[in-house]
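Student: I would like a close look at a single part of this model. Please take one side chain and its surroundings, then move on to other local features.

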Amino acid sequence: MNINSIRGMLTDEALKCFMEIVYVDEIDSTNAEAARRIDAGKRENWVLVTTAQSAGRGRRGRVWLSPQDAGIYMSLVYRFSVSAENLQSLSLLTAISLHESLSQLGVEDLQLKWPNDLLHGKKKLAGILLDLRTCQTETYMVFGIGINTDLPSSVIGQIDQPVTDINTICASPIERTAIVASLINRLSENLNIFFKHGFAPFKDSWNKLDCYLGADIVIQNGETQVSGKSAGVDEQGGLLLQSSSGSRTINGGELLPSLRELNEASNL
Ligand code: BTN
């Protein structure tokens with residue numbers, strides 16, 4: 001992957017936000033490397049991109065299979081100079097940014113699943129893992145993003161959920177450098193808005209793209225499950241869940257389709 005070609009596509013705002021872009025052919029995990037560099041004293045915002053990870057990490061301790069050239073794996077490291085509230089909504093902001101960038105490149109019919117999955121036809125196209133890290137008085141957010149571009153069928157068989165990739169859903173392949181650049185551009189712009197106005201300006205975008213809006217869903221948090229009808233997200237990015245016992249706001253957990261839908265799928 002050519003770093004100069006990525007830099008050439010970045011906006012001034014993005015170049016100001018993320019001054020260094022690094023590409024490596026392979027690494028254990030871009031999020032793990034980002035954490036190591038923060039701990040070693042690296043202070044600036046930067047981006048690490050690779051096309052293979054030997055120990056890619058997913059949410060909730062899962063593995064993110066990352067064989068060579070099956071996807072784009074990247075971490076954007078962003079330092080906060082002010083104490084920011086409501087950081088959990090940054091995962092929604094990242095998903096919106098990814099949606100915007102792929103849509104601009106011609107990928108159609110993408111949808112979002114709370115809190116941060118990008119789906120196509122209810123199959124997962126990309127995942128997001130945010131790691132918050134502090135070092136002395138500084139706080140950093142590591143935005144880890146994995147986008148499936150060309151998953152071999154042997155890998156698809158090892159993943160315990162429906163997945164898809166860019167090459168399957170697009171008529172012609174998209175340059176990986178264009179995807180990386182576009183994502184850095186969108187995230188830089190959205191982060192600048194977020195740190196001025198919070199998540200509120202993004203609420204409507206999320207609710208327009210949320211594929212479970214109005215659906216019966218289950219939220220799993222550890223051993224606890226709560227079910228209800230999704231009423232979309234609020235101005236803080238919390239998920240509004242309506243049930244016969246009233247309405248509640250969910251701020252963490254995993255969204256499952258309703259138990260009925262899950263049971264139907266497992267009976268097929
Ligand atoms: C998920 O479970 O949906 C989140 C997947 C996040 C994967 C990305 S790939 C780049 C970065 N480095 C990692 O080890 N994980 C994230």
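Tutor: Here is a walk from one lysine to a ring cluster and then a helix. The model is predicted.

Start with Lys 42. This residue sits in the loop between helix H3 (30–39) and strand S2 (46–50). Is Lys 42 buried or exposed? Its relative accessible area is 16%. The cut-off for buried is under 20%, so Lys 42 counts as buried. Its side chain makes a polar contact with the side chain of Glu 20, at 2.6 Å. Lys 42 also lies over the face of Trp 46, 5.0 Å from the ring centre. Setting aside neighbours within four places in sequence, Lys 42 is in contact with Glu 20, Arg 37 and Tyr 140.

Now the rings. The structure holds six aromatic pairs. One of them joins Tyr 78 and Phe 80. Their centres are 5.8 Å apart, with 70° between the planes, and the pair is edge-to-face. Both Tyr 78 and Phe 80 are buried. Ring pairs link these two with Phe 18, Phe 194 and Phe 195 into a cluster.

Last, helix H4, residues 90–104. At 1.5 Å a residue, its 15 residues should span 21 Å. The end C-alpha atoms of H4 are 21 Å apart, which agrees. Twelve of the 15 residues are buried, so H4 is largely enclosed by the rest of the structure. Among the buried residues are Leu 90, Ile 96, His 99 and Leu 102. Just after H4, Gly 106 takes a positive phi of about 100°.

Technical notes
Residues numbered from 1 in each chain as written. Predicted model: local features only at pLDDT ≥ 70, side-chain atom pairs only at ≥ 80, totals over all residues. Heavy atoms only, no water. Phe/Tyr/Trp six-rings, centres within 6.5 Å; stacked < 30°, edge-to-face > 60°. Buried < 20%, exposed > 50% of the residue type's maximum accessible area, 1.4 Å probe, protein only. Lys NZ or Arg CZ within 6 Å of the ring centre and 35° of its normal. Helix = DSSP H or I, 4+ residues; strand = E, 2+ residues; numbered from the N terminus. Polar contact = N/O pair within 3.5 Å; in protein donor to acceptor, adjacent residues only side chain to side chain. Contact = heavy atoms within 4.5 Å. Expected span 1.5 Å × (residues − 1).
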